Number of protein chains: 2
Amino acid sequence: MPGQELLLTTDLLTEGVDFRLADTMPEAIGFKAMGVNLSDIAAMAGEPVAALVGLVLPRSGAPDLAERLEVGLRQLAKQHQVPIIGGDTNVWDGGLVLAVTVLGLAMPPGPVRRSGAQVGDAICVTGPLGGSLLGRHLSPQPRLTEARSLHRTVTLHAMADISDGLAADLGHILQESGCGAELVASQIPIHPDAVRRAAQTGQTPLHHALHDGEDFELVFTVSPADAVLLASRGEAIIIGSCVEAGLWLRQGEVCAPLAAQGWEHHGTGN
Amino acid sequence: MPGQELLLTTDLLTEGVDFRLADTMPEAIGFKAMGVNLSDIAAMAGEPVAALVGLVLPRSGAPDLAERLEVGLRQLAKQHQVPIIGGDTNVWDGGLVLAVTVLGLAMPPGPVRRSGAQVGDAICVTGPLGGSLLGRHLSPQPRLTEARSLHRTVTLHAMADISDGLAADLGHILQESGCGAELVASQIPIHPDAVRRAAQTGQTPLHHALHDGEDFELVFTVSPADAVLLASRGEAIIIGSCVEAGLWLRQGEVCAPLAAQGWEHHGTGN
């Protein structure tokens, strides 16, 4: 496979941290475990090739739980034509852990990394953000097709999937690229769930769009010309640009520092 | 990489099942977690290329524990020149789980599987067996070099690593190959630990050699001529042959059925 680097990603989901077994359908937990891994492959604009599933099951009701988790795991894997080629299953007296590994192939001219953002780049996202906790966090739709289309159409400088929140994941890109960013508040696409969530929390919808995790949209940087091309095709929403240093939020005339803080996982925060 | 299939393996180690955190050095647990995965690659006569490490850590003392686990993980990985290229770490209120994934390359003419044993094959192992619980189970030495040497020298029909016990893992080969085996009791190499262990349990050393798990030697089948060649080079010990059906143990004139039973994991059995 000349020119095609291999991609390998693993993500753990643990009971009480990433989900509560008491109020989540096991099928949804399985779906999510596959989704977060496929989203990691999407963030590199790769193509998933195969998956392995590791399950550590609580002793009580283990066979039924395993079966229901697998329904969800297989549903999303099948949707993206990824065979589950193996894994390992343990039973113990503790809580539920899912350890999914996905092998992928980078698409020419190579994998997109977090480290390639440049001063002057436009910053884009693939869709509306915020409020995923109202349900979308359990049914992540990895942007695999979208990422590969972007990768074919333009030169992606840097990309990440939004798992910890826009500010946090963009922060990772900035840190690895050694530059800063200025986001334009009015350009950030706000998901209807962020509005609903804001009504519950007393925060603004914008706050939720900036800081909520598990949206699983992509955030990426490209040249301004490429950004305009993608926006005109409806494939990207331009939300700001890369600057020398810092992370800034512009609201009208005011430009204030924005904390690159992430979202707290369910079991411990929120 | 024409002619070179990819191999992917994942193995979970869970507290209370595979080890007791109270009486095991974390470095040894890390070493073992890497070892069982590399042993899976050895069983296919492959070459390990990269590893991912997933850790679910108990909240109390998590940073120190992670560091000590990594010492062991890295020690064995380095010994076999396998870079640890990534992973995921979670902290929770439960016990310790290690989820290691290893990517490997099959060596020409392809990976060795469990399903190729044929009636008339000689059955061989790479070293003495039994009593691993006295300590060897925590420092598995994956037979990677030995497996690739065998693969270059002869045609390996079927192979497995001995993780569940000789009888159990040979049983897996027989099941997938659709044949049986007759083992010759006097030919089975007994590890000194099996003798020491027998003094503790009241079982025979042979019983421990047949049924103890986690020896991490290889069991494989080849043509009788190839077996003799390997034995003459000191690379294999011939312990029996493949027959039409069943699993049998010959002791002198008596040939009796042998249960393909495995070994109970520490936390629950022994």
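Biologist: Before we start, what counts as a salt bridge here?
Modeller: A side-chain nitrogen of Lys or Arg has to lie within 4 Å of a carboxyl oxygen of Asp or Glu. Keep in mind that this is a predicted model.

Biologist: Okay, so how many salt bridges cross the interface of chain B and chain A?
Modeller: By that rule, 0 salt bridges turn up across the interface of chain B and chain A.

Biologist: And how many residue pairs are in polar contact between chain B and chain A?
Modeller: There are 9 such pairs, with both residues at pLDDT 80 or more.

Biologist: Which strands of chain B supply the side that touches chain A?
Modeller: β1 (6–14), β2 (46–58), β3 (84–92) and β4 (97–106) of chain B each give at least two residues to that side. The largest share, 8 residues, is from β1(B).

Biologist: What's the mix of nonpolar, polar and charged residues on that side of chain B?
Modeller: You get 16 nonpolar, 10 polar and 5 charged.

Biologist: What area is buried between the two chains?
Modeller: About 2300 Å² is buried between chain B and chain A, and carbon and sulfur atoms give 75% of that. On chain B, the trio L8(B), L12(B) and W92(B) supplies 27% of the area this chain buries against chain A, more than any other three residues.

Biologist: New topic: where is G171(B)?
Modeller: G171(B) is in helix α4 of chain B, residues 166–177.

Biologist: Is G171(B) buried or exposed?
Modeller: G171(B) is buried, because its relative accessibility is 14% and the cut-off for buried is under 20%.

Biologist: What does G171(B) touch, leaving out residues up to four places away in sequence?
Modeller: G171(B) touches L166(B) and A260(B).

Conventions. Residues numbered from 1 in each chain as written. Chains lettered and ligands numbered in written order. Predicted model: local features only at pLDDT ≥ 70, side-chain atom pairs only at ≥ 80, totals over all residues. Heavy atoms only, no water. Buried area = accessible area lost by both parts, 1.4 Å probe. Polar contact = N/O pair within 3.5 Å; in protein donor to acceptor, adjacent residues only side chain to side chain. Helix = DSSP H or I, 4+ residues; strand = E, 2+ residues; numbered from the N terminus. Nonpolar A, V, L, I, M, F, W, Y, C, P; charged D, E, K, R; others polar. Buried < 20%, exposed > 50% of the residue type's maximum accessible area, 1.4 Å probe, protein only. Contact = heavy atoms within 4.5 Å.
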